[in-house]
Amino acid sequence: MNLGLNGKRFVVGGASKGLGRAIATCLVEEGARVLLVSRDGEALAAVAAELGGNATPCPADVADPAAPATILAAIEATFGGRLDGLVVNAGGPPGGKALDLSDEQWLASYQVLLGGPLRLLRALVPRMDDGAAILFVTSTSVRQPIPNLDTSNVLRPGVTALAKTLARELAPRIRVNSLAPGRFDTDRVRSLDEQRAAALGTTPEEQKEQSAKAIPFGRYGEPAEFGRVGAFLLSPAASYVSGLAAHADGAAVAALP
Ligand SMILES: NC(=O)c1ccc[n+]([C@@H]2O[C@H](COP(=O)([O-])OP(=O)(O)OC[C@H]3O[C@@H](n4cnc5c(N)ncnc54)[C@H](OP(=O)(O)O)[C@@H]3O)[C@@H](O)[C@H]2O)c1
């Protein structure tokens, strides 16, 4: 199947590593052009060099109100001001229990998950051509709370609601979907495993083994397995798919539907 991504122009958040990088890699492999966004410019430059001429680094902190102007300038310089899609993705919010987290931690989590993305969408949606697609990277916390990740449990369902709302408001010109990762082998998940292991007095390897056993597939996902689903949802091949809250989780979520 031809995904129809050749020559399409995307902004991909959280693109220096993990799931964002995996989506960006897949888009480029399918002939798309990508602006890679995350904070560490050196890491982005290394990814861009690996991906070749269709990938351009654009260092920006999505939580910073100045980010949309930086990204708009890069869209102007790289794509001539127009766009075919956006991956809304950055680092995860801090772990912890709802009543233990401070106001500052809650507000910082809001800025990364909702405030920054809203500002970015306000700036970028007017630059999108007909048939463009937006993809939010969320978490299976939108269906089942994850122990000790309460910022995600509370705020990610709001992100999913935003995706659904925009899918209806921007239809039929722009498609909007979300994709919830279960447990993928990335720096984020390795660091969560290390924190849990330290709290429980086990090793990160034991923690990973325990977590993998709870997944019906018996293993963590590989980022490339996420990247392929993301690229499909962003592609013209998914032209009638909008408002979908999809999972890539090895059957981990037990909730219906
Ligand atoms: N991996 C999983 O299994 C899993 C499961 C559930 C949910 N998620 C969620 O999916 C998202 C991606 O996860 P991941 O595993 O790929 O994480 P990751 O490996 O830690 O990568 C996060 C990426 O986001 C960038 N980033 C972080 N904060 C940013 C900011 N304020 N502005 C712009 N870029 C920022 C990071 O680069 P810089 O640090 O250089 O900015 C990096 O490129 C996260 O929100 C995570 O919570 C992941």
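The questions and answers below look at the ligand, the two domains and two backbone details of this predicted model.

Residues are numbered from 1 along each chain as its sequence is written. Because the model is predicted, local features need pLDDT of at least 70 and side-chain atom pairs count only at pLDDT 80 or more, while totals for chains, interfaces and linings use all residues.

Q: How many residues surround the ligand?
A: A residue is near the ligand if one of its heavy atoms lies within 4 Å of it. The closest are Ser 16, Leu 19, Arg 156, Phe 184 and Thr 186, and the residues that surround the ligand number 28.

Q: Which residue has a polar backbone atom 2.5 Å from an oxygen atom of the ligand?
A: A polar contact is a pair of N or O atoms within 3.5 Å. A backbone N or O atom of Val 62 lies 2.9 Å from a nitrogen atom of the ligand, and a polar backbone atom of Gly 92 is 3.4 Å from an oxygen atom of the ligand. The 2.5 Å distance to a ligand oxygen atom belongs to a polar backbone atom of Phe 184.

Q: What share of the ligand's exposed area does the protein bury?
A: Accessible areas come from the Shrake-Rupley method with a 1.4 Å probe. Taken alone, the ligand exposes 890 Å², and the share of this that the protein buries is 91%.

Q: Which element gives the most to the shell around the ligand?
A: Helices (H or I, at least four residues) and strands (E, at least two) are DSSP runs, numbered from the N terminus. Two or more residues of the shell come from each of α1 (18–29) and α6 (187–200). With three residues, the element that gives the most is α6.

Q: Why does the ligand lie between domain 1 and domain 2?
A: An automatic or database domain assignment sets the bounds, giving domain 1 (9–184 + 223–247) and domain 2 (186–220). The ligand lies between them because residues of its shell come from both domain 1 and domain 2.

Q: Which residue that is not a glycine has a positive phi of about 70°?
A: Most residues other than glycine have a negative phi. The residue with the positive value lies in the loop between β5 (128–137) and α5, and this residue is Asn 148.

Q: Which two residues does a cis peptide bond join?
A: Most peptide bonds are trans. The cis bond has an omega of about -5°, and its proline lies in the loop between α5 (150–169) and β6 (174–181). The two residues are Ala 171 and Pro 172.

Terms used
Heavy atoms only, no water. Polar contact = N/O pair within 3.5 Å; in protein donor to acceptor, adjacent residues only side chain to side chain.
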